[in-house]
Every structure is written in structure tokens, then in C-alpha cells.
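Biologist: I'd like a close look at one part of this protein, with the pocket as the starting point. Could you walk me through what surrounds it, in plain words?

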Amino acid sequence: MFANLAAGYGGQGTLCGALGVAAQFFNLVAFDGQNTYAKMTDELFQWYSRTVFPTSRFDDICYFPDQVQRLAKSPLCHISVSQWTLAAGAGVTSKHKKDRCAKVTGEVMHRTVEMLNDYVDGRYTKREY
């Protein structure tokens, strides 16, 4: 269902596909009179842009632990990935880059679930990053 989101939507390097999936889940769960889904999407995109990826959270289940970390700077795939590939000396089609993106996807989904849990529990308040 979301295969077209890989590599920034059909390989175009636009929006990070993990963010697109998360935005759809926010729309499904938090579509309310206060437009919470839009607030959650904005918050997640800001969080992503200000996060250093990949984190070490998934290092014990990935192929390449302790990878170089870089600030995403943008929710756009080509910017986030370019920052990292230049610093890591990795090719855009390399297994190292794919491992990095898998870890980033895990982080995005982890944050998405935290936010949705807060919403369902009536505790969601938009954070500013």
C-alpha cells in the first residue's frame, strides 16, 4: 500500500516516505474538529528536521551499527540523505544508506506511535521544535 513512498516517493527524493505514512495515520486517527492531524503532521515534520539520524536505537538489529550521524535539516528525502551520504562516504544506492533509512523509518514510526498514544489517551499537546 505504501511501496510508492520508498526513496522519497517513487525514487524522486521528495518527502521522506516514512513521514508520508505517518501523516496518513494521523489523518486516520486524529481527524477531528481541531485539525489535530495537521498539528501532529507539522510537529512530526519539525521534529524530523531537527533530529540527528540515524540514532543508535536500532543498532542491535541492523546490519551497520554505529553509523555516522547527521542532522536531517529538512523533511525532504534528498536533503536528509545527501547530508548523511556525504558525511558517511556512502553511495545513495549502498546497503549502508538503506540501513540508515531503515533506522530512520523506525525512529519516525516510534515517534508517530508515541504521538498517537498521547492523542488516544487525551494527552496530546503539540510540541514546538
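Modeller: The largest pocket holds about 270 Å³ of space, and keep in mind that we're looking at a predicted model. To picture how a pocket is found, think of this: rolling a probe the size of a water molecule over the atoms shows where empty space is left. Here, 17 residues line the largest pocket, and Ala6, Ala7, Gly17, Cys101 and Thr105 are the ones nearest its centre. Helix 1, helix 3 (77–88) and helix 4 (95–120) are the elements that each give two or more residues to that lining. Helix 4 gives the most, with 5 residues. As for chemistry, the lining splits into 12 nonpolar, 3 polar and 2 charged residues.

Now let's stay with helix 4 for a moment. Arginine 111 forms a salt bridge with glutamate 114, and their closest N and O atoms are 3.0 Å apart. Both sit in helix 4, and because they are 3 residues apart there, about one helical turn separates them. How covered are the two partners? Arginine 111 counts as buried because its relative accessibility is 5%, and the cut-off for buried is under 20%. Glutamate 114, at 33% relative accessibility, counts as partly exposed.

Carry on past helix 4 and you reach the segment that holds lysine 126. Lysine 126 makes a salt bridge with aspartate 42, with the closest N and O atoms 2.5 Å apart. This one ties together distant parts of the chain: aspartate 42 is in helix 2 (residues 36–49), 84 residues away from lysine 126. Each partner is partly exposed, lysine 126 with a relative accessible area of 28% and aspartate 42 with 32%. Glu128 joins in too, as Asp42, Lys126 and Glu128 are linked in a network of salt bridges. Arginine 123 and aspartate 121 also meet through their side chains in a salt bridge, at 2.9 Å from N to O. Aspartate 121 is partly exposed, at 49% relative accessibility. Altogether, the count comes to 9 salt bridges.

Finally, back to helix 1, which you met in the pocket lining. On the surface, Met1, Phe2, Phe25, Leu28, Val29 and Val120 make a nonpolar patch of about 650 Å². Helix 1 (residues 17–29) gives the most to that patch, with 3 residues. Leucine 28 is found in helix 1, and leucine 28 counts as exposed because its relative accessibility is 66%, while the cut-off for exposed is over 50%. So helix 1 turns up twice on our tour: in the lining of the largest pocket and in the nonpolar patch.

Definitions and conventions: Residues numbered from 1 in each chain as written. Predicted model: local features only at pLDDT ≥ 70, side-chain atom pairs only at ≥ 80, totals over all residues. Heavy atoms only, no water. Patch = residues over 30% accessible without salt bridge, like charges linked within 9 Å, V, L, I, M, F, W, Y side chains within 5 Å. Areas by Shrake-Rupley, 256 points an atom, 1.4 Å probe, with all protein chains shown as cover. Salt bridge = Lys/Arg side-chain N within 4 Å of Asp/Glu carboxyl O. Helix = DSSP H or I, 4+ residues; strand = E, 2+ residues; numbered from the N terminus. Buried < 20%, exposed > 50% of the residue type's maximum accessible area, 1.4 Å probe, protein only. 1 Å grid on protein atoms, 1.4 Å probe; cavity = no way out; pocket = protein on both sides within 12 Å on 5 of 7 lines; lining within 4 Å. Points joined across faces, edges and corners; volume = space filled by probe spheres on them. Nonpolar A, V, L, I, M, F, W, Y, C, P; charged D, E, K, R; others polar.
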